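Ready for a little practice in reading a protein model? Take each task in turn, try it yourself, and then follow the solution step by step.

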Amino acid sequence: MSAHAPVTDPERQDSDPLARERAHLSDSRAALRAMREDVEALDISDVTANWVNAAVLEAQIDDRIKALADLTHTPLFFGRLDYLHTMHDGVQEGHRFYIGRRHVHDSDGDPMVIDWRAPVSQPFYRASRKDPQDVGLRRRFGYTGGDLTAYEDEHLTDPSETERTSRLLQAEIERPRVGPMRDIVATIQPEQDEIVRSGLGGTVCVQGGPGTGKTAVGLHRVAYLLYAHRDRLARTGTLVIGPNRSFLHYIEQVLPALGELEVRQSTVDELVSHVEVRATDEAAAAVVKGDARMAEVLRRAVRSHVTIPAEPVMVVRGSRRWRIPAYELEEIVRELLGRDIRYGAAREALPQRIAHAVLVRMEQAGEAPDDRVQDAVARNPAVKAAVKSAWPPVDPAKLVHRLLSDADFLAEHAEGLLPPDDQKKILWQKPPRGVRAAKWSPADAVLIDEATDLVARTPSLGHVVLDEAQDLSPMQYRAVGRRCTTGSATVLGDLAQGTTPWATASWAEALAHLGKPDAAVEELTAGFRVPREVIAYASRLLPHMSPGLTEVRSVRESAGSLEIHRSEGDASVVAACVESLRHEGSIGLIAADARVPVLSAALASAGLPHLSPGEETTQDSRLTLVPASLAKGLEYDYVVLDDPSSIMSAEPDERTGLRRLYVCLTRAVSGLKVLWVNPLPEQLG
């Protein structure tokens, strides 16, 4: 690899190749601007038949204009490939491609920048000296702001050139983090690219420790799938699910920067918001409510509303009466129960089945009824009364309310599933009078979502990305799985960072609850964010909380990135923040949740403005005070960690406390200061 190295003979004669690359950047920006202006100039008045078509087309044009925006501080291209020979897809000998975030063409339609997701771009991420993939030269570009300031070459087929780590690649990985999460499109590694470009048909689960880029991989996979399967996913939809709104706010700019504007984001709690959540369960109750056994309890409770008919149905039409005996009604009801279709779908089918039985008798009597007659019979008062008696409507929230309020009703449907102690844990001590008066918990909302799906099928999306998946309960996995029953999913997480009492023990178990037992599980073990010294320190906890997991091996050496000091109180914490602010980039002060109000006051007294998680950092406001419970998924250039033992002791058990501490220790990109008042946990050595 060589910085500013020549590629071909003409380039060896080029006295200023950097100027030529800058000229191509300028020309590409001009071409992008022309593409945008062409769209803005479109006149749709003669091609729309009505106002509905016009509105749809205008919305599509607006989206296209937004997608063609030229982001001043975002490089239009970050790499270049020079191919050696003719390829199967028509690439000509010596053809050169600039690789960027979106496709740009000139006025003749010739490409000036190739979308990173295009097949011809793949060797930029995958080619190596062992497998050059017909690439003679791979060039990486360095930028300051939006200005092209450097380049670096790899001659993949030149045996005289030694292989070494790209300085520009390293600099991009280590670039200070201010503002929301940014894309990694310029730094995707081969093992990450394999996951990003895996097909839409299969579900992929990515186990990745801190700093391995699993979240970025998941988001770039969405962008790739939207590129490769745009029409299909435009019809079926895509969804990114994160652990909380702070996390979603942090990642929300990644997909728009890649030109994808239509991906919905949500938390699991927002997905199942059938009722207002106003309470939090005790851990023991939440564990039982989140257990997969509750799905069968709910199924039994829903189906218990069905009553086998004991009386015949008499349908009167004109001067004729048609009698359906009770035994035949029983056969119809039992047949519907045996099919195990959704409760609501069976309830809708029942009047049609009864009406069909009436029509059979009409035909036997010599009449010739048609479909309109069957529909009329299905709406007959006698038929409707029979359906209401045998298969009454079920309100999911009222059903869950009864299960949590009525000990006998719960015991009847939990028999053989939940022992009495578990039943007692989830019963309300003072049952509310009704659904509106109930103080529902997040786990209750998931139960209502399950019951809702038992009544009517939840619509499926084309693809769902589930991040921080290790923290979900089995019932939450089922709730997510319902949203992709006919689609696929990308599941992202780290078993070592599971900090809920119901955190999953294995990905096989989690994927079974998700309804994707055959998903491929990939593991990312190379760390690109956390310095080697920091991740090695945090990894001392692994044998005590997640034995068997592979330790992350950081590719980043940063001497002096870890400092451990005894704290003299709040003043020491403030001083550590002041010292960290002398560095460039974002600063995170992470503390036990109970310590946050005290530290907030201390920072304010010292005249240090600070943000809360989810608020965007700027050059003027770079310090964020982070409760330990919200640190997961976030990253800061420098982290000050307040009293690790307090973070551990705030959790209900040692394993969860160690995992919470592991999360907090691994949020730093450049440096970590650990300040302790209470003795450090013995597991840290």
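Helices (H or I, at least four residues) and strands (E, at least two) are DSSP runs, numbered from the N terminus. Keep in mind that this is a predicted model.

**Exercise 1.** Find R101 and decide: is R101 buried or exposed?

*Solution.*
- Step 1: Locate the residue. R101 sits in the loop that links β3 (96-100) and β4 (104-105).
- Step 2: Check the cut-off. A residue counts as buried under 20% relative accessible area.
- Step 3: Apply it. The relative accessible area of R101 is 8%, so R101 is buried.
- Step 4: Look at the neighbours. Among the residues that R101 touches are T74, P75, D115, W116 and D183. With P75 there is a polar pair: its backbone oxygen is 3.1 Å from a polar side-chain atom of R101.

**Exercise 2.** Work out where A31 lies and which residues A31 touches, leaving out those up to four places away in sequence.

*Solution.*
- Step 1: A31 belongs to helix α2 (residues 17-40).
- Step 2: With a relative accessible area of 10%, A31 is buried.
- Step 3: Beyond four places in sequence, A31 touches V104, H105, D106 and M112.

**Exercise 3.** Which helix gives the largest share of the largest nonpolar core?

*Solution.*
- Step 1: The largest nonpolar core holds 81 residues, and V377 and W391 are among those with the most contacts inside it.
- Step 2: Helix α15 (residues 343-364) supplies the largest share of this core, ten residues.
- Step 3: Another core, of 77 residues, lies apart from it and includes L81 and V626.

Note on methods. Residues numbered from 1 in each chain as written. Predicted model: local features only at pLDDT ≥ 70, side-chain atom pairs only at ≥ 80, totals over all residues. Heavy atoms only, no water. Buried < 20%, exposed > 50% of the residue type's maximum accessible area, 1.4 Å probe, protein only. Polar contact = N/O pair within 3.5 Å; in protein donor to acceptor, adjacent residues only side chain to side chain. Contact = heavy atoms within 4.5 Å. Core = buried A, V, L, I, M, F, W, Y, C linked by side-chain atoms within 4.5 Å.
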